[in-house]
Amino acid sequence: MHKFLIHKRGDHVGVATADIEAGEQVIGVFMDDETTIEVTSLSAIPLGHKISIAQVPPKGHVLKYGLPIGYAPEGLKIGDYVHTHNLKTLRW
């Protein structure tokens, strides 16, 4: 059973549909074609929050819905919890 959804192929993050534990191996489903991906969470991720499914370089843009939603000052590893501590706005 899946524990996160990815809105569009090419996105860097998925959204947790249930709480995810640190070290848990979880399955995500791409909503545009229903294929799956398996990721090991590097930390606990609460329901509704984001998990990284792609490596993002420092200061790289983070994609969701196929669009940049911010940038990762320190970069992201696959399985990272993605939230305000490691995702910054592109607005300013």
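1. In this predicted model, Ile51 stands opposite Tyr81, a residue of β8. The strand β5 comprises residues 50–52 and is joined to β8 by two bridges, the two running antiparallel.

2. The pairing of β5 with β8 belongs to an open sheet of six strands, ordered β4-β3-β1-β2-β5-β8 and mixed in its pairing. The edges are occupied by β4 (36–40) and β8 (81–82); each has a single partner strand, so one side of each lacks a neighbour in the sheet.

3. Ile51 and Tyr81 are also both members of the largest nonpolar core, which has eleven residues in all. The other members are Phe4, Ile6, Ala16, Ile20, Val26, Phe30, Val39, Ile45 and Ile53. At least two residues of this core come from each of β1 (4–6) and β3 (25–30). Apart from this core lies another, of seven residues, including Val56, Val62, Ala72 and Leu87.

4. Within the largest core, Ala16 merits separate mention. Leaving aside residues up to four places away in sequence, Ala16 is in contact with Lys3, Phe4, Ile45, Pro46, Leu47, Gly48 and His49. Of these, Phe4 and Ile45 are themselves listed in the core.

5. Ser41 is placed in the loop between β4 and β5. Its relative accessibility is 1%, and Ser41 therefore counts as buried, the cut-off being under 20%. With residues up to four places away in sequence again excluded, Ser41 touches Ile20, Glu21, Ala22, Gly23, Glu24, Ile51 and Gly79. Two of the residues named there, Ile20 and Ile51, belong to the largest nonpolar core.

Key
Residues numbered from 1 in each chain as written. Predicted model: local features only at pLDDT ≥ 70, side-chain atom pairs only at ≥ 80, totals over all residues. Heavy atoms only, no water. Core = buried A, V, L, I, M, F, W, Y, C linked by side-chain atoms within 4.5 Å. Buried < 20%, exposed > 50% of the residue type's maximum accessible area, 1.4 Å probe, protein only. Helix = DSSP H or I, 4+ residues; strand = E, 2+ residues; numbered from the N terminus. Contact = heavy atoms within 4.5 Å. Pairing = 2+ DSSP bridges.
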